[in-house]
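Trainee: Could we look at this chain together and ask how each term is earned?

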Amino acid sequence: MAHHKPHLPEKICASCHRPFAWRKKWARDWEQVRYCSDRCRGVGAREGEVAPPR
């Protein structure tokens, strides 16, 4: 049976503007995490861009 983790903190990705949740691998530096994935980190922050539709 799958379980949900609604209590995990979330942030908004600086590149794709989508929410992403805390991961154990980010435990030490959660305050510095800005991107949801390596792909978004490679693209970087997009200044002045509107979030893409889902």
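Mentor: Buried residues make up 24% of the 54 residues in the chain, where buried means under 20% relative accessible area, exposed over 50% and partly exposed in between, with a 1.4 Å probe and protein chains only. This is a predicted model, in which local features need pLDDT of at least 70, side-chain atom pairs count only at pLDDT 80 or more, and totals for chains, interfaces and linings use all residues. Residues are numbered from 1 along each chain as its sequence is written, and side-chain values use heavy atoms, with hydrogens and water left out.

Trainee: Why is Cys13 called buried?

Mentor: Its relative accessible area is 1%, and because the term asks for under 20%, Cys13 counts as buried.

Trainee: Which residues does Cys13 touch, leaving out those up to four places away in sequence?

Mentor: Cys13 touches Arg18, Phe20, Arg34, Tyr35, Cys36 and Cys40, a contact being heavy atoms within 4.5 Å. With Arg34, the C-alpha atoms are 5.9 Å apart, although 21 residues separate the two in sequence.

Trainee: How do you know that Lys11 has no salt bridge?

Mentor: A salt bridge needs a side-chain nitrogen of Lys or Arg within 4 Å of a carboxyl oxygen of Asp or Glu. The nearest side chain of opposite charge to Lys11, that of Glu31, is 5.2 Å away, so the cut-off of 4 Å is not met.

Trainee: What does the side chain of Lys11 reach at 2.4 Å?

Mentor: That side chain reaches the backbone oxygen of Trp30.

Note on methods
Lys, Arg positive; Asp, Glu negative; His and termini not counted. Polar contact = N/O pair within 3.5 Å; in protein donor to acceptor, adjacent residues only side chain to side chain.
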